[in-house]
Amino acid sequence: MEPIAKDCEHGILPADALRSFAEALRASAAALYQEGSVEVSFETPRRPEFGEFATNAAFALVRAARRGPQDVARALVDDLAARAPYIEKLFFSIEPIAGFINVRLRPEIWQAEVARILRDGESFARASHRGARISLEFGSANPTGPLVVVQGRALSIGDTLARTMRLRGYDVFVEWIINDTGAQVETLGRSVYARYRQLDDPAYPFPDDGYPADYIAVIARALRDREGDRYVKVSEEEAIAACGDFARDELVAQQQESAKRFRVQYDLWQSERELHESGRVAAAIERLRELGLTYEEGGATFFRATQFDDDKDRVLIRADGRPTYYGADVAYHYEKLRRADRVIDILGPDHHGYIGRLRGLAAALGFPEHLEVLISQQVTLMRGSEQVAMSKRAGQVVTLDELVDEVGVDAARFFFAMLATDTPLTFDLQLAAEQSNENPVYYVQYGYARIASVLRKADPADVASARGANLRTLVHDAEIALARRLAELPAVAQNVVDQLASHRLPRYARDVASDFHQFYTECRILAEEPSVRHARLALCLATQRVLALVLDLLGVSAPETM
RNA sequence: GCGGUCGUAGCUCAAUUGGAUAGAGCAACAGGCUACGAACUUGUAGGUUGGGGGUUCGAGUCCCUCCGACCGCGCCA
């Protein structure tokens, strides 16, 4: 459990208090039911009226007690009051409800949390550096076109995870693999070459399987502008290779630009071709061979994937001697598994069939628990009630840049991060672009702007005193609820990292904004007497900090005015 | 056919990995500004968690079985 307060002035440390409480409960259990080894753990209840912490210890005793859980819980609490009265003084209340034992903390705890946020600033949610290395790969694609909408989702999720992991003290390495070998890049070369030739000879045939999209012609024109007609004169084979390389560089540069515009930073863009040329693919396959996990059949080299729960054995090297795409992935994952303690791949929705293969590979290489594969599910675009047609084959794609042009980075990132990764997402362009109460992005940003507005209206001297204010007056339900919410951030962030659940952050941001709006509605700030005014301004400042931090984790801006 | 992911309020989604009365937003209905931003807020209504069985103090969550959706199943990437 995350200790919720490390050093509050009155000397009550919740973690210690809960530990004493758990021991006292065990003693009561032993006395009442001769059951000495009950496990007492605490959880945070879903509903606020059940307090800040709860334990289900009574349920574990029903058998020994031969009574219902609610009776057991009541008996435990009564026994505790008689046996260890000092325990009750540690908490605001201890109540048995429906078999659970619910604990409410004293308001001072939450006041101290607000003070801590003001004192520590953004580092209050930071965990100390732990030396654990995480490799995070997402977005990877063929360099044959611009980034599309579904990659935007992977980018949102992946980048938010990376930022949150850094906050929580992990060494994160964010990477992308460029699939720049094989048939698709060859097709790209032929497509660009044909467009290039057509600049002189409109009748030059365009390949049937070529990429028809306009950006191919744009690249051909750029090549022409830079290199003139030199590729008309060389052999077709050489020219196509050169066109492929040029287009690859051009498209990767565009992808990098789009990622940057989407506020995503990569540490490494790994070329697959480079993995082959440097001999690392061959070395990794050799490693599997040493482990006795390969065999030859029909001239091809297979990996015994079925030994590791995959459906079938997989080809590493084709009969003609060329390694497969999977062969390259063996090398890449071998590398990642050796240099990171936790390796995470976020793959597109068409890669379901790949999960077993990668897991098998990790197990074979001796890292069975180190690889996690997430599938970023499909994105369906709507405009109001109408579905936006998308078909890659027809060259009918919506690019990430177009999406950003239409709704902005803030809305796009927030919407993409909002759902669990494996939930299919329906993205309503009209809603995301709309500046209305239907749009959750604005709800959160409005909360931030509203605080900014209050702070502008306030006397600067009051704001200054707020930073060191005595917070004892923060006892209103709305104030306590907000302070509690703010204090949750470290635990929420850690949960996001542990469960790779980036969608918890937008929801948390919404909850913070909601608690603030409620506080704002119920509590006057500037018109109050100084002690109350200062304490409430302090709460505003702390809320502003938390909102800024969460929005930053999401890659969404925090506007002073809207 | 086999495998993967999933099925929760009218709609879009949550549910801290087995806990309490399954929660939010939107839409609907009824209220709240002479005070710091009403892009806000209070309340009402809305559910057999696709169906059925099982495991146990307790199941949306785990097991079995049907139904349905999407995606994979290549010596493509």
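This report walks through a predicted model of chain A with RNA strand B.

## The overall picture

Let's start with the whole chain. Chain A contains 23 helices and 15 strands. Lay it along its principal axes, and its C-alpha atoms fill a box of roughly 95 × 60 × 40 Å.

How much of the chain is tucked away? Of the 562 residues in chain A, 40% are buried. As for who touches whom, take the contacts in chain A with a separation of 6 or more: 73% of them link residues 24 or more positions apart.

## Three domains

Chain A splits into three pieces, and two of them are stitched together from separate stretches of sequence. Domain 1 covers 14–105, domain 2 combines 111–128 with 437–554, and domain 3 combines 139–275 with 377–434. If you go from the centre of domain 1 to the centre of domain 3, taken over C-alpha atoms, you cover 57 Å.

## Around the RNA

Now for RNA strand B. There are 71 residues around the strand, and A54, G182, G353, A420 and S453 come nearest. Several elements give two or more residues to this surface: α3 (62–65), β4 (100–104), α8 (183–198), α15 (355–364), β15 (425–428), α18 (440–457), α21 (489–499) and α22 (504–522).

Which element supplies the largest share of the surface near RNA strand B? That would be α18, with nine residues. Sorted by character, the residues of this surface come out as 31 nonpolar, 28 polar and twelve charged.

## A look at helix α7

Helix α7 takes in residues 149–167, which makes 19 residues. From its first C-alpha to its last, α7 reaches 27 Å, close to the 27 Å expected at 1.5 Å a residue.

Is α7 mostly covered or mostly open? Mostly covered: 18 of its 19 residues are buried. Just after the helix comes G169, which takes a positive phi of about 90°.

## Zooming in on Y231

Y231 sits in helix α10, a stretch running over residues 230–233. Why does Y231 count as buried? Because 23 other C-beta atoms lie within 10 Å, and the cut-off for a buried residue is 20 or more.

So who are its neighbours? Leaving out residues up to four places away in sequence, Y231 touches Y196, A239, A242 and C243. There's also A241 to place: Y231 and A241 are ten residues apart in sequence, and their C-alpha atoms are 10 Å apart in space.

Conventions
Residues are numbered from 1 along each chain as its sequence is written. Chains are lettered from A and ligands numbered from 1 in the order in which they are written. This is a predicted model: local features need pLDDT of at least 70, side-chain atom pairs count only at pLDDT 80 or more; totals for chains, interfaces and linings use all residues. Helices (H or I, at least four residues) and strands (E, at least two) are DSSP runs, numbered from the N terminus. A residue is buried if 20 or more other C-beta atoms lie within 10 Å of its own, exposed if 12 or fewer, and partly exposed in between; C-beta atoms are placed from the backbone. Two residues are in contact if their C-beta atoms, placed from the backbone, lie within 7 Å. A residue is near a molecule or strand if its C-beta atom, placed from the backbone, lies within 6 Å of it. Ala, Val, Leu, Ile, Met, Phe, Trp, Tyr, Cys and Pro count as nonpolar, Asp, Glu, Lys and Arg as charged, and the others, Gly among them, as polar. Domain bounds come from an automatic or database domain assignment. The expected span of a helix is 1.5 Å times one less than its number of residues.
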